[in-house]
Amino acid sequence: GFGVSPKPPSLSPKPPFFVPAGQRMVLVACGPYTTSDSIAYDPLADLVEVIVRDRPDVCVLFGPFLDAKHEQVENCQLLGSFTEVFKLCLKMIIEGTRSAGSQLVFVPSLRDVHHDYVYPQPPFLYPELPKDDKPRVHFVSDPCTLDVD
């Protein structure tokens, strides 16, 4: 059953994380990556910090990345086009996690305002992806099957 552990949690720092052969650390996150009252991507910046700190092998990031239901999106209060804001979001994630070396998997949402509103959804298009990042950045459809090996 569920219960409270009788011993208090250890306060000693964790040793460095090593992934044994055959095991993978997978981080999964789901948008929106903004707060409800701001289009600033502060929660996304926090997520990027976690990725850099924990260095997961794979990060599966589900949209929405630019939420169609966000008040500032609905009222067209953005400082750029939907596509421009989305691309800035992608750039923030890709460049911000480069040092971690994690594989990034981007999965679209029907609430991504800049993307095709059809189901199944095609992968995002991001032709600006730097050549050096192509081996670790993956754009997939929704639904999709992922094989992490």
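Which residue in β2 is the bridge partner of Val-28? To find it, select Val-28 and look across to β2, where Val-60 is its bridge partner; keep in mind throughout the tour that the model is a predicted one.

**The whole chain**

Before going further into the sheet, show the entire protein as a cartoon and follow it from the N terminus, from which the elements run β-α-β-α-α-β-β, giving three helices and four strands. Of the 149 residues in the protein, 34% are buried, and among contacts with a separation of 6 or more, 70% are accounted for by residues 24 or more positions apart. If a surface is switched on, the accessible surface of the protein comes to about 9700 Å², with 58% of that area belonging to carbon and sulfur atoms.

**The sheet**

Select the four strands next, which form an open sheet in the order β1-β2-β3-β4 with parallel pairing. The strands β1 (26-30) and β4 (137-139) stand at the edges, and because each has a single partner strand, one side of each is left without a neighbour in the sheet. Viewed from one strand to the next, the twist averages 15°.

Now step through the pairs. The parallel strands β1 and β2 are joined by five bridges, and the pair Val-28 and Val-60 with which the tour began belongs here. Five bridges also join β2 to β3, again in the parallel sense, and selecting Val-58 leads to Gln-103, its bridge partner in β3. The pairing of β3 (residues 103-107) with β4 is parallel and extends over three bridges; here Phe-106 stands opposite Phe-139 in β4.

**Helices on the sheet**

Add helix α1 (residues 42-54), which packs on the sheet and touches β1 and β2 (58-62), its direction making about 175° with that of β1. Then add helix α3 (residues 82-96), which also packs on the sheet, touching β2, β3 and β4, with a direction that makes about 160° with that of β3. With these helices shown, return to β2 and colour its residues by accessibility: this strand is mostly covered, four of its five residues being buried.

**The cores**

In soluble globular proteins, nonpolar side chains tend to be buried together. In this model, the largest nonpolar core has 25 residues, and those with the most contacts inside it are Leu-61, Phe-65 and Phe-106. The elements that give two or more residues to this core are β1, α1, β2, α3, β3 and β4, and α3 supplies the largest share, six residues.

Centre the view on Phe-65 and display its surroundings. Which residues does Phe-65 contact, leaving aside its neighbours within four places in sequence? They are Tyr-33, Tyr-41, Phe-86, Cys-89, Ile-93, Phe-106, Val-107, Asp-112 and Phe-124. Apart from the largest core lies another, of five residues, among them Val-58, Val-60, Val-105 and Val-107. Two of these have appeared at the sheet already, since Val-60 is the bridge partner of Val-28 and Val-58 that of Gln-103.**Salt bridges**

Turn finally to the charged side chains, among which a search of the whole structure finds four salt bridges. Select Glu-128 and Lys-87, whose side chains meet in a salt bridge of 2.6 Å, N to O. Glu-128 lies in the loop between β3 and β4 and Lys-87 in helix α3, so the pair ties together parts that are 41 residues apart in sequence. Both residues are partly exposed, Glu-128 at 41% relative accessibility and Lys-87 with a relative accessible area of 25%.

Select Asp-133 and Arg-98 next, for their side chains also meet in a salt bridge (2.6 Å, N to O). Because Asp-133 lies in the loop between β3 and β4 and Arg-98 in the loop between α3 and β3, this pair ties together parts that are 35 residues apart in sequence. Is Asp-133 buried or exposed? With a relative accessible area of 2%, Asp-133 is buried, whereas Arg-98, at 39%, is partly exposed.

Keep Asp-133 selected and add Arg-136, which forms a salt bridge with Asp-133, the closest N and O atoms being 3.6 Å apart. Arg-136 is buried, with a relative accessible area of 8%. Shown together, Arg-98, Asp-133 and Arg-136 are linked in a network of salt bridges.

Key
Residues numbered from 1 in each chain as written. Predicted model: local features only at pLDDT ≥ 70, side-chain atom pairs only at ≥ 80, totals over all residues. Heavy atoms only, no water. Pairing = 2+ DSSP bridges. Axes fitted to C-alpha atoms, helices over the stretch in contact; angles between N-to-C directions. Contact = heavy atoms within 4.5 Å. Core = buried A, V, L, I, M, F, W, Y, C linked by side-chain atoms within 4.5 Å. Buried < 20%, exposed > 50% of the residue type's maximum accessible area, 1.4 Å probe, protein only. Areas by Shrake-Rupley, 256 points an atom, 1.4 Å probe, with all protein chains shown as cover.
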